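Visitor: I am new to this structure and would be grateful for a close look at a single part of it. Please show me one strand and its surroundings, after a brief word on the whole.

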Amino acid sequence: MNVSTGALRKTTNDADKDQVFRDPQTTIADFNFGEKVASVFDDMLDRSVPFYGEVQRMIAELAADFVAPGTNIYDLGCSTGNTLLTLHSCVPPGVKFIGIDYSQQMLARCRAKLDAHGFDRPCELLCADLNQGVTIQNASFVAMILTLQFIRPLYRDQLIAQILGGMNENGCLILVEKVLGEDSIFNRLFIKYYYDFKKKNGYSEMEIAQKREALENVLVPYKLLENREMLLRAGFRYCDVFFKWYNFCGIVAVK
């Protein structure tokens, strides 16, 4: 089956449109990935993550060169399953897919999406909190797409070490993150450009401000170089940037 990134998109009706922060809220609760967010998450990705479809295409290209038959692919923070579907048609047979997410609501939508697209690979979906660690085995490819930024900084080095420990030699880790600018002048500019991007995609000033407040204690970004140093410190041999757009980046690391 050939599943392109374009196939993951669908016409968005009001029920599927991200309106989580449309109405004024007197008290802004911390952002979470419950049903309210899960039900509109795909639209949220399309409108909030620059070049999301292109990044998925690039991940598929990298996976095609690193995934080995008889190994496992992990998607940590698999949400609604977009990356699992993207990888479906580009990796060799005899590969097992494992998706992990702490939100049962996200996993339910992931299962439904995989079924709807005729996903026919061996696949296991697990509910687990990555802050508590993860068990990785026989992995040739691990993806963390906009996931590590939600892991408490105290646990990030340990999590990366556990991932590395369960990967095969020459295994590949893909890390896509929102990042801080290396200097404050760039950080301010990049954030401004990012909010302009969101406005062009239909978000109001109030929506942007309320979501920013909700994420303040939940999404803790590192600088690009801090992420790179963390990966090298854990023991990855090679590390490079394969995508960069202002305050978003994609990093590839090889064991």
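Guide: In this predicted model, the secondary structure of the protein chain consists of nine helices and seven strands. The chain's radius of gyration is 18 Å, close to the 18 Å that the globule rule gives for 255 residues, so the chain is as compact as a globular protein of that length. Measured out along the principal axes, the C-alpha trace spans about 50 × 40 × 30 Å. Of the 255 residues, 53% are buried. Among contacts between residues at least 6 apart in sequence, 79% join residues at least 24 apart.

The part chosen for a close look is strand 1, which covers residues 72-76. This strand is mostly covered, with five of its five residues buried. Its side chains point in two directions: N72, Y74 and L76 face one way, while I73 and D75 face the other way. Residues on both faces are buried.

Strand 1 has a parallel neighbour in strand 2 (residues 96-101), to which five bridges join it. Within this pairing, L76 stands opposite I100 of strand 2. Helix 4 (residues 82-88) belongs to the arrangement as well: strand 1, helix 4 and strand 2 form a right-handed β-α-β unit.

Strand 1 also pairs with strand 4 (residues 139-145), again in the parallel sense, over four bridges. Here I73 has F141 of strand 4 as its bridge partner.

Both I73 and F141 lead onward to the interior. The largest nonpolar core has 53 residues, and the members that touch the most others are I59, I73, F97, F141, I174, V176 and F242. The largest share of this core, six residues, is supplied by helix 3 (residues 52-66). In soluble globular proteins, nonpolar side chains tend to be buried together.

I174 illustrates how parts of the chain meet. Leaving aside residues up to four places away in sequence, I174 touches I59, L62, F141, V142, A143, M144, I145, F242, I251 and V252. A second core, separate from the largest one, holds 29 residues, including L130, A139, I151 and V179.

As for the outside of the protein chain, its accessible surface comes to about 11,900 Å², and carbon and sulfur atoms account for 52% of that area.

To return to the part requested, strand 1 is a buried strand that pairs in parallel with strand 2 and with strand 4.

How values were computed: Residues are numbered from 1 along each chain as its sequence is written. This is a predicted model: local features need pLDDT of at least 70, side-chain atom pairs count only at pLDDT 80 or more; totals for chains, interfaces and linings use all residues. Side-chain values use heavy atoms; hydrogens and water are left out. A nonpolar core is a set of buried Ala, Val, Leu, Ile, Met, Phe, Trp, Tyr and Cys residues joined through side-chain atoms within 4.5 Å. Buried means under 20% relative accessible area, exposed over 50%, partly exposed in between (1.4 Å probe, protein chains only). Contact means heavy atoms within 4.5 Å. Two strands pair if DSSP finds at least two bridges between them. A crossover is right-handed if, with the strands pointing away from the viewer, the path from the first strand over the helix to the second runs clockwise. The radius of gyration is taken over C-alpha atoms; the globule rule is 2.2 Å times the number of residues to the power 0.38. Accessible areas come from the Shrake-Rupley method with a 1.4 Å probe; for residues, only the protein chains shown count as cover.
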